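Hi,

Here is the structure I promised to pass on to you. Have a look through it first, and then read my notes underneath.

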Amino acid sequence: MADFPEKTEPKPNRLSPTLRDKKRYLAFYVERGGEVQFMDLLNAIWQGILGFLGELGTAKAGIWILKTTWDEQKRMGLIKCNNTAVEEVRAALALVNRVGDIPVTVTVVGVSGTIKGAKKKFFGERDLMSFAGTAPTVVAEVEEEAETGEEEEGELF
Amino acid sequence: MAQFYDLCVRSPFTGGQSSLAEIVKAGEKFGFSGICIVDGFRDLAGLGELKAAVEKAGAGTKLDIALGAEIRVDSVQELKKVVEQVRDRVEVLIVSGGDYNINRAACEDSRVDILLHPEAGRIDSGLDETCAEAAQKNSVAIGFSFKELLNSFRKQRAKILESIGTNAQLLDKTKGMGVAVSSASSVWEMREPRQLASVLTALGFELSSALRMVSENPVWILEKNRKVLAGKRITEGVEIVG
C-alpha cells in the first residue's frame, strides 16, 4: 500500500490585505566588545524591547526577530515590526547596551518593506538579475586572460 | 544634508573611559558632523589640558570637535562664580541639573547653553513653567541625557521617562529649545543621532522636533558661541558682519 503523506494541521486562511498589519523590516548592525553568542544577543534584544515597550507594547508592535536572516560575518540581522512601531523599536534597540558582561551597541542600518528589499539594500545581497548587465564584461575579461595567458586564482569564479 | 551634533561626550580626563581617538572614530561611524568633548570642570588648568588634547584629536579628522565644560555645583553662588570663570574659554557650557535652585538659576542665566537632565535624582521633573519660560527667554536649551536612561532600570527608568515627558510638554508649551545628548562616558554609550531622536519620539515629541534636537539646535548653539568667542557677536541681535 502506498504511503500517503501525513495529514497536516489545518490552518486558518490568510487575512485579507486590508486587515493585515503593514510591516516593516529593520536591518540592525551589532557592534560588540567581545565574543557574543547569537542566542545571548537575541535574548538581550528581546529583554531590551520588552523592558522598554512592555508586553502590551511589544504585542501591539508585532515584533519578531528573524533568526534565519542573521549574518554572523556582517553582524547584521532583521527585525520585523508594524509600520507604526518603527520609531519605538529603534528607540528600544538603542537601549540595548550589554550582553552578559560584554558591551554592545545595536544600530539600525535602515528600514525596508520586504525581506528581499532589505537584503538587497543593507546586506549587499545580489540576485541573478543584478548580473544581467555585467555578463559580457566577465566574458570579455576571460577572453582577455586566455589571450595573455595570465591566471588569477579565484578572481572570477 | 542635515548636520548632526552630540554636544556632550565626556572627556577621558574627567571620568570618561574611552580615549579621544576612540570617541572621534565612533563619532564618525555614527554619522555625526561634530561632537563636543565635555570637561567635568575642576579647574582652569584641567580645562587647558583638555583643550590642547582636543585640538590634537581634531587635527586628523573631518569631524568638527568642540570643547565644552559641564558644571556640577551645590549652590547658586558657586554656579555663578564658575560660569563667570569658564564662559569665555569653552564653546559649550553645560550645567548639570537636579537641584531645583540650580535648575532655575541656570534657566535664568543667558550665559548657560544647556541645562542637562534637570530631573536627575528627583521624583518630579525638576522644571516648572517659570523655569521653562526663563529658559526660552534666555536661550538656554534643556538637555535630555541618553546616559541617564541607558544606565537605569525598571522603576527608575520609568520615572525618568515620565519626567522627560513632562519636560517635553513644558518645552512644547513655552516654545523652548531642547537638545538631545548622549552624555557618554565611553564609546559604548554613544548612539547614532537617529536613535537619540527616536527615544524622544517615543516620549511624545514630534519626529521633526526630535530631529531638530540633534541637528539644528546644537548647530545654532555652537555657531552662536563661536561668533561670540571670535568677537563677531556683540550681543543679542548685534553682530559684526564681514
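Below is what I found, beginning with chain A and moving on to where it meets chain B.

Please keep in mind that this is a predicted model.

Chain A by itself

Chain A is built from five strands and four helices. If you walk along its sequence, the elements come in the order β-α-β-β-α-β-β-α-α. Of the 157 residues in chain A, 35% are buried. Among the contacts in chain A with a separation of 6 or more, 66% are between residues 24 or more positions apart. The exposed surface of chain A comes to about 10700 Å², and 53% of that is supplied by carbon and sulfur atoms.

Where chain A meets chain B

On the chain A side, 21 residues are in contact with 20 residues of chain B. Together the two chains bury about 1700 Å² between them, with carbon and sulfur atoms giving 61% of this area.

There are two salt bridges between chain A and chain B. One of them joins A:Glu31 to B:Lys29, where the closest N and O atoms are 2.1 Å apart. Six residue pairs are also in polar contact across this interface, counting pairs with both residues at pLDDT 80 or more.

Which elements of chain A give two or more residues to the side that touches chain B? They are strand 1 (23–32), helix 1 (38–61), helix 2 (86–94) and strand 5 (102–112). The residues on that side of chain A comprise eleven nonpolar, five polar and five charged ones.

Happy browsing, and best wishes!

Notes. Residues are numbered from 1 along each chain as its sequence is written. Chains are lettered from A and ligands numbered from 1 in the order in which they are written. This is a predicted model: local features need pLDDT of at least 70, side-chain atom pairs count only at pLDDT 80 or more; totals for chains, interfaces and linings use all residues. Side-chain values use heavy atoms; hydrogens and water are left out. Buried means under 20% relative accessible area, exposed over 50%, partly exposed in between (1.4 Å probe, protein chains only). Contact means heavy atoms within 4.5 Å. Accessible areas come from the Shrake-Rupley method with a 1.4 Å probe; for residues, only the protein chains shown count as cover. Buried area is the accessible area (1.4 Å probe) that two parts lose on being put together, summed over both. A salt bridge is a side-chain nitrogen of Lys or Arg within 4 Å of a carboxyl oxygen of Asp or Glu. A polar contact is a pair of N or O atoms within 3.5 Å; within protein, one must be able to donate a hydrogen and the other to accept it, and residues adjacent in sequence count only if both atoms are side-chain atoms. Ala, Val, Leu, Ile, Met, Phe, Trp, Tyr, Cys and Pro count as nonpolar, Asp, Glu, Lys and Arg as charged, and the others, Gly among them, as polar.
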